[in-house]
Amino acid sequence: MEYSDQVLILAVKRFREIDAWVRLLSPTRGVYTAFAFGGLKSRRRFLGCLDPLNHVQFKVRRSGYRGYHCLAEGRLLDAPRQLRNHPQRLGMAVNCLKFFEAAPVAPGSFAEAYGLMRAMLATLDAAEEPSPLFPLLFRARMTFLHGMLPACGHCAVCGQPLGQTGAVCHVEEGRVACPDCRAAASGGVHARLGGEALALLASAVEQGPEQWAACRPHPAAGREFSRAVDLLVRYHMGLAWEQGGFVRA
Ligand SMILES: [Zn+2]
């Protein structure tokens, strides 16, 4: 079986002399691994294709025996122009990528995840000085994609709109309540969210990478937002960022 797939390359690992395996994200097939036999030698079949973060059209053969994927040839569609020369921006992209890989999305979300990853890379490639909160906003959006980010427009208990007075996120229950309802609630882990931190949560869900790169909240709001996202990710997805990678918390 042979098909054509337009993919984002997540990782490339060499094995033996001239062969490589490649981790791909496809809008229709999700994340999968394919072999590029002779890929590190054949300039003709894979000219400029086999690098992480490239966007490539591959011809893929699915072997009947054992069912693995082999890349037959590739055509580079686009690649980052600046990103690889800017360690800080590249670091943000890698952080997003690692989070994405640590928490596989369901088939119904492949296309959305692919679009988000492409927009994330395009933004970090172009933005001179992206907001330091960028990876956190991306993480919050992915958490939303997994159905694990609480709705933050209204109090989950009494229903009143949340605004400048702020709110409290109940981490275990995955919901956000107004200060009055928080006072009546039981124990557990809570994260306070002021008005500006709430707006960041809303931006993670309703806006996209381009707006995230430009956001410059008050540092205290950034810290509240970061803490809430970290706690939600740790509790509901079992992941924590440690020493350059996401580990099972
Ligand atoms: Zn309430």
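I take a residue as buried when its relative accessible area is under 20%. On that count, buried residues make up 48% of the 249 residues in the chain. The model I am reading is a predicted one.

**Entry 1. Overall layout**

I looked up the secondary structure first and found eight helices and 10 strands in the chain. Taken along the principal axes, the C-alpha atoms fill a box of roughly 65 × 40 × 30 Å. I then checked how far along the sequence the contacts reach. Of the contacts between residues at least 6 apart in sequence, 59% join residues at least 24 apart.

**Entry 2. Aromatic pairs**

I find eight aromatic pairs in the structure. I looked at the one between Phe 15 and Phe 37, where the ring centres are 6.3 Å apart and the planes stand at 80°. Planes over 60 degrees apart count as edge-to-face, so Phe 15 and Phe 37 form an edge-to-face pair. Which parts of the chain does this pair tie together? Phe 15 belongs to strand β1 (residues 2-15), and Phe 37 to the loop between β3 (30-36) and α1 (43-46), so the pair ties together parts 22 residues apart in sequence.

I also noted the pair of Phe 35 and Phe 37. The centres of these rings are 5.5 Å apart and their planes are at 15°, so I enter the pair as stacked. Ring pairs join Phe 15, Phe 35, Phe 37 and Tyr 68 into a cluster.

Next I looked up accessibility for three of these residues. Phe 15 has 23% relative accessibility and counts as partly exposed. Phe 35 is partly exposed as well, with a relative accessible area of 23%. Phe 37 has 33% and counts as partly exposed.

**Entry 3. Arginines over rings**

I looked for charges placed over aromatic rings. The charged end of Arg 29 sits over the ring of Tyr 3, at 3.6 Å from the ring centre. Arg 139 lies over the face of Phe 99, and here the distance to the ring centre is 6.0 Å.

**Entry 4. Helices α2 and α3**

I checked how helix α2 (residues 87-102) packs with helix α3 (residues 110-126). Their axes are 9 Å apart and the packing angle is about 170°. Angles over 145 degrees count as roughly antiparallel, and α2 and α3 are therefore roughly antiparallel to each other.

Which residues meet there? From α2 I list Arg 89, Met 92, Ala 93, Cys 96, Leu 97 and Phe 100. From α3 I list Ala 113, Met 117, Met 120, Leu 121, Leu 124, Asp 125 and Ala 126. By class, the residues of this contact come to 11 nonpolar, no polar and two charged.

**Entry 5. Asn 95 and Met 142**

Is Asn 95, in helix α2, buried or exposed? Asn 95 is buried, as its relative accessible area is 10%. Leaving aside neighbours within four places in sequence, I find Asn 95 in contact with Pro 135, Arg 139, Trp 241 and Phe 246.

Met 142 is placed in helix α4 (residues 134-145). I enter Met 142 as buried, with a relative accessible area of 1%. With neighbours within four places in sequence left aside, its contacts are Phe 99, Phe 100, Val 105 and Leu 116. I also took the distance from Met 142 to Ala 228, which lies 86 residues away along the chain. Their C-alpha atoms are separated by 14 Å.

Definitions and conventions:
Residues numbered from 1 in each chain as written. Predicted model: local features only at pLDDT ≥ 70, side-chain atom pairs only at ≥ 80, totals over all residues. Heavy atoms only, no water. Phe/Tyr/Trp six-rings, centres within 6.5 Å; stacked < 30°, edge-to-face > 60°. Helix = DSSP H or I, 4+ residues; strand = E, 2+ residues; numbered from the N terminus. Buried < 20%, exposed > 50% of the residue type's maximum accessible area, 1.4 Å probe, protein only. Lys NZ or Arg CZ within 6 Å of the ring centre and 35° of its normal. Axes fitted to C-alpha atoms, helices over the stretch in contact; angles between N-to-C directions. Parallel < 35°, antiparallel > 145°, perpendicular 65-115°, else oblique. Contact = heavy atoms within 4.5 Å. Nonpolar A, V, L, I, M, F, W, Y, C, P; charged D, E, K, R; others polar.
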